[in-house]
Amino acid sequence: MSKLVVIAYDDQFRAEEVRTKLRKLQQDHLVDLAEALVAVKDDQGEVTLLQMYKPAAVVEGRKGFWNTLVGAIVMDPVLAMASDARGGAIRGALAGAGVDEDFLKDLAATFKNGSSVLFVLVRQANPDKLLEALQGTGGKVIETTLSHQDEAKLQAALSAAPAVG
């Protein structure tokens, strides 16, 4: 089962830099990513989505989930809290995937102009190598399906001084 990790960055370029590190780890067979998506909000509030390339057949299964999640958060954050039928349908779809309203509120509040967010589905990882690669990259863990202990380790690595080398 894949683990979802969502990390918010105050810098609009940092999420893509971290995703590039994760892709390198994948090439070295130290992590197996099901998907990695970056949402960037520039200084004018324009949102750009950068999705990792996957064959169309593989992407199709998750496309609806990503579109719903990112649309609810970045395109119209108040939609996630809407009480109309459209808002209820979106909340229901996200709840079915394990995404709750508190997460949507936290992420919408974090995703300001000039920031970026990294959404990652990890199938498998070498935890030590992964934490080493992420050490000092900054960011705030917004949501994860990791254990509380593993989430704390991840946040500590993000917040630590950058790795030398």
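**View 1. Surroundings of the buried residues of α6 in the predicted model.** Among the elements that cover the buried residues of α6 are β1, α5 and β5 (140–144), as seen in this predicted model. The buried residues themselves are Leu154, Ala157 and Leu158, and they lie on the same side of α6 because the arc they cover around the axis is only 100°.

**View 2. The opposite face and the length of α6.** On the face of α6 that is turned away from its buried side, the exposed residues are His148, Gln149 and Ser159. With 12 residues at 1.5 Å a residue, α6 should span 16 Å, and the end C-alpha atoms of α6 are 16 Å apart, so the expected and computed spans agree.

**View 3. The largest pocket and the residues nearest its centre.** The largest pocket, with a volume of about 380 Å³, is lined by 19 residues, and those that lie nearest its centre are Val122, Ala125, Pro127, Leu130 and Leu146. Two or more lining residues are given to the largest pocket by each of β1 (3–9), α1 (14–27), β4 (115–125), α5 (127–134) and α6 (148–159).

**View 4. Make-up of the lining of the largest pocket.** The element β4 contributes 6 residues, which is the largest share of the lining of the largest pocket. Sorted by class, the lining of the largest pocket consists of 14 nonpolar residues, 1 polar residue and 4 charged residues. The helix α6 of the earlier views is among the elements that give two or more residues to this lining, as are β1 and α5, which are also included in what covers the buried residues of α6.

Conventions: Residues are numbered from 1 along each chain as its sequence is written. This is a predicted model: local features need pLDDT of at least 70, side-chain atom pairs count only at pLDDT 80 or more; totals for chains, interfaces and linings use all residues. Side-chain values use heavy atoms; hydrogens and water are left out. On a 1 Å grid over the protein atoms alone, a cavity is a set of points where a 1.4 Å probe fits but cannot get out, and a pocket is an open set with protein on both sides within 12 Å along at least five of seven lines; lining residues have an atom within 4 Å of a point. Grid points are joined across faces, edges and corners, and a volume is the space filled by probe spheres set on the points. Helices (H or I, at least four residues) and strands (E, at least two) are DSSP runs, numbered from the N terminus. Ala, Val, Leu, Ile, Met, Phe, Trp, Tyr, Cys and Pro count as nonpolar, Asp, Glu, Lys and Arg as charged, and the others, Gly among them, as polar. The expected span of a helix is 1.5 Å times one less than its number of residues. Buried means under 20% relative accessible area, exposed over 50%, partly exposed in between (1.4 Å probe, protein chains only). The arc is that of the directions from the helix axis to the C-beta atoms. Contact means heavy atoms within 4.5 Å.
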